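Student: I would like to know how labels such as "salt bridge" and "buried" are given to residues. Can we go through some cases?

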Amino acid sequence: MHEYPPTEQVTGLGSSLAYLLSRAERSVNRGLAAVLAGEDVTVEQWRILQALADGRGHSMGDLAEAALMPHPTLTKAVDRLVDRALVYRGHDPADRRKVAVFLADRGRDLLARLEAGIAEHQRGIITAYGPARTDRLMRDLESLLASLED
C-alpha cells in the first residue's frame, strides 16, 4: 500500500483534489470506454441510456444533469442514439406540451448486452483497489457530493 504524505506537504498538481479526481475519472473511464467500444457506445451515451433505464422518460434538462453533459453535447448524443433507434423522443407524461426522451426496446437490449462487461470492469476496479476501500471511496465521494451540493 502506498502512503502519501499529509496534504500540506504535497505540492504541484498532486496537491489539487480536482486534479486527482479528474485523473481517477479518466483512468476509470478509459477502462469503461474499452468495454463499451465493442457495441460502438461512448461513456456519455452509456450514461444517457442508464439514466433512461428507469422507464420514466426524461426531459433534456434532467438528462443533461444525470448524464453529466452540457445541453448542446447532450442534444448531439441523443440525436445519434435516436438515429440508431436506441432512444426516442415523445411527449412528457407529466406535461404533454414538453418533449421527453425514452429508452427504446433496442436500447434496453443493448444495456443488457453491456451488463456483463460493465460488471467485469467494476470487478477489476474492486480487485485492484480492494472491496472495502472501493466501498469506502464510493461512500466518501457520495458524502463529498452531498456536502458540496448543500
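Student: What makes the contact between the side chains of Arg-89 and Asp-79 a salt bridge?

Tutor: This is a predicted model. In it, N and O of Arg-89 and Asp-79 are 2.6 Å apart. The cut-off is 4 Å, from a side-chain nitrogen of Lys or Arg to a carboxyl oxygen of Asp or Glu, so the pair counts as a salt bridge. Arg-89 belongs to strand E1 and Asp-79 to helix H4, 10 residues apart.

Student: How do you know that Glu-25 and Arg-47 form a salt bridge?

Tutor: Their closest N and O atoms are 3.8 Å apart. That is within 4 Å, so the label applies. The two residues are 22 residues apart, Glu-25 in helix H1 and Arg-47 in helix H2.

Student: Why is Arg-47 called buried or exposed?

Tutor: Its relative accessible area is 18%. Buried means under 20%, so Arg-47 is buried. Glu-25 has 40%. That value falls between 20% and 50%, so Glu-25 is partly exposed.

Student: What makes Arg-113 and Glu-39 a link between parts of the chain?

Tutor: They form a salt bridge, with the closest N and O atoms 2.9 Å apart. Arg-113 is in helix H5 and Glu-39 is in the loop between H1 and H2, so the pair ties together parts that are 74 residues apart in sequence.

Student: Why is Asp-62 called partly exposed?

Tutor: Its relative accessibility is 48%, and exposed means over 50%, so Asp-62 stays in the partly exposed class. Asp-62 is in helix H3. With Glu-65, Glu-149 and Asp-150, Asp-62 forms a negative surface patch.

Definitions and conventions: Residues numbered from 1 in each chain as written. Predicted model: local features only at pLDDT ≥ 70, side-chain atom pairs only at ≥ 80, totals over all residues. Heavy atoms only, no water. Patch = residues over 30% accessible without salt bridge, like charges linked within 9 Å, V, L, I, M, F, W, Y side chains within 5 Å. Areas by Shrake-Rupley, 256 points an atom, 1.4 Å probe, with all protein chains shown as cover. Lys, Arg positive; Asp, Glu negative; His and termini not counted. Charge placed at Lys NZ, Arg CZ, Asp CG, Glu CD. Helix = DSSP H or I, 4+ residues; strand = E, 2+ residues; numbered from the N terminus. Buried < 20%, exposed > 50% of the residue type's maximum accessible area, 1.4 Å probe, protein only.
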